[in-house]
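Okay, thanks for coming, everyone. Let me put the chain up on the screen and then walk you through a few spots I picked out.

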Amino acid sequence: MHFEVVYTTGLSGFIGKNLLPLLLKKFPKIINFRRYNVHEVYTQDGKIEIADNKDLTISNSDKLFINIAALYNAAPKTTIELENLYMSNTILPINIIENYLGSKNLKIIQLASYFQLLDLELQTPYSLTKSLGMKYMEKNYDNVSFIYLFDTFGTGDNRNRVIDTFLNKIIDNKSIELPKTDVYINISHVSDVCEAIIDSINFPANNYCIMSENTLSLREIAEKIMTLVGNNVDIEVLHNNIDYFANLNKDNIPENIFPSSRTKSFNQHLKSRLDEIKVLRSK
């Protein structure tokens, strides 16, 4: 398939912001669907236009749709929060396909969470609403790839996940909190994740994952960062947490497409993120 225009969601998010420059190197135009029936048009000359979806013209040529956007809420407390999860993670991408793109000449790349690979009793409303939309895509569209992501970090991350939380606390000589028992995560830098997503455009429809060789306990990550920063901080041991990664059935993990051509190690990426945070804090 040959794509002149790539359609996306989620380019304002962490992964999307890092993926956009790579997409614009390969494709002349990116159209990003947002909520409230508007879209953004990105072109290689750096222009960005915002327009109403009713003014969107879709050609009958080959189309690529990369669905990145997701609403994360692991424990909704109201029916409104649950409905927002359902509308964002299940209905929104399907509406985009059926109301604008159509299924003809369409390749879909849907990002997913490794939580969706867990047994049902460990799933959350977030992962279930993602899986519901994906099950519909699997049954109703021919050319769909699902790419399961593990934990990520890197440039432009404002999600306050484990790497940035530990970096900031250790820089400030503040204690960090860890569970009583070891909890492991598989962690990748966003640049490697985005490279794998770009590679997947040329792969056949299938289930894939992006899993690095860096499966570390939270304690190991904290110790690496303390060594990197040069500060040893107190560790507060709290209640036990579920080790979701350990609960994965390794036989059910899809084909791994983590890029083999990466140029930086985990420690180098960690040092780069430390330098980025120091610059941000100095402003």
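Quick bit of vocabulary first: when I say helix or strand, I mean a DSSP run, H or I over at least four residues for a helix, E over at least two for a strand, numbered from the N terminus. With that in hand, Tyr 36 is a loop residue, sitting between strand 2 (29-33) and strand 3. And keep in mind throughout that this is a predicted model.

Let's stay on Tyr 36 for a second. Its phi is near 65 degrees, so a positive value, and Tyr 36 counts as exposed because its relative accessibility is 73%, where the cut-off for exposed is over 50%. Most residues other than glycine have a negative phi. We'll meet two further positive values later on.

Now the overall picture. The chain has 7 helices and 14 strands. Its radius of gyration is 20 Å, and the globule rule gives 19 Å for 283 residues, so the chain is as compact as a globular protein of that length. If you like boxes, the C-alpha atoms fill one of roughly 60 × 45 × 40 Å along the principal axes.

What share of the residues is buried? Buried residues account for 47% of the 283. The accessible surface comes to about 14,500 Å², and carbon and sulfur atoms own 48% of that. On contacts, take the pairs at least 6 apart in sequence: 77% of those join residues at least 24 apart. And for the electrostatics people, there are 30 positive and 33 negative charges, with their mean positions 4 Å apart.

Okay, on to strand 3 and what comes after it. Thr 43 lies in strand 3. Its side chain makes a polar contact with the side chain of Asp 45, at 2.4 Å. Leaving out neighbours within four places in sequence, Thr 43 is in contact with Leu 24, Pro 28 and Lys 29.

Lys 29 comes up again with Lys 47. Those two lysines are 18 residues apart in sequence, and their C-alpha atoms are 10.0 Å apart in space. Lys 47 itself is in the loop between strand 3 (38-43) and strand 4 (48-52). Buried or exposed? Lys 47 counts as exposed, since its relative accessibility is 52% and the cut-off is over 50%. Beyond four places in sequence, Lys 47 touches Val 41 and Tyr 42.

Next, helix 2, which covers residues 79-101, and Ser 88 inside that helix. Ser 88 has a relative accessible area of 11%, and anything under 20% is called buried, so Ser 88 is buried. Which residues does Ser 88 contact, apart from neighbours within four places in sequence? They are Arg 35, Leu 71 and Pro 93. With Arg 35 there's a polar contact, side chain to side chain, at 3.0 Å. For a sense of distance, Ser 88 and Glu 4 are 84 residues apart along the chain, with 27 Å between their C-alpha atoms.

Last stop is helix 4 and the loop leading into it. That loop runs between strand 8 (151-153) and helix 4 (162-171), and Asp 157 is in there. Asp 157 is buried, with a relative accessible area of 7%. Setting aside residues up to four places away, Asp 157 touches Phe 14, Thr 152, Asp 164 and Arg 273. Asn 160 lies in that loop between strand 8 and helix 4 too, but Asn 160 is exposed, at 64%. Asn 160 also has a positive phi of about 60 degrees, although it is not a glycine.

Then the helix. Why call helix 4 largely enclosed by the rest of the structure? Because 7 of its 10 residues are buried. The buried ones are Val 162, Ile 163, Asp 164, Phe 166, Leu 167, Ile 170 and Ile 171. Asp 164 is in that list, and we've just seen it touching Asp 157.

What covers those buried residues? The cover includes strand 8, strand 9 (176-179), strand 10 (184-189), helix 6 (218-229) and helix 7 (266-282). After helix 4 comes Asn 173, with another positive phi, near 60 degrees.

That's my tour. Happy to rotate the view if anyone wants to go back to one of these spots.

How values were computed
Residues are numbered from 1 along each chain as its sequence is written. This is a predicted model: local features need pLDDT of at least 70, side-chain atom pairs count only at pLDDT 80 or more; totals for chains, interfaces and linings use all residues. Side-chain values use heavy atoms; hydrogens and water are left out. The radius of gyration is taken over C-alpha atoms; the globule rule is 2.2 Å times the number of residues to the power 0.38. Buried means under 20% relative accessible area, exposed over 50%, partly exposed in between (1.4 Å probe, protein chains only). Contact means heavy atoms within 4.5 Å. Accessible areas come from the Shrake-Rupley method with a 1.4 Å probe; for residues, only the protein chains shown count as cover. Lys and Arg count as positive and Asp and Glu as negative; His and the chain ends are not counted. The place of a charge is taken as NZ of Lys, CZ of Arg, CG of Asp or CD of Glu. A polar contact is a pair of N or O atoms within 3.5 Å; within protein, one must be able to donate a hydrogen and the other to accept it, and residues adjacent in sequence count only if both atoms are side-chain atoms.
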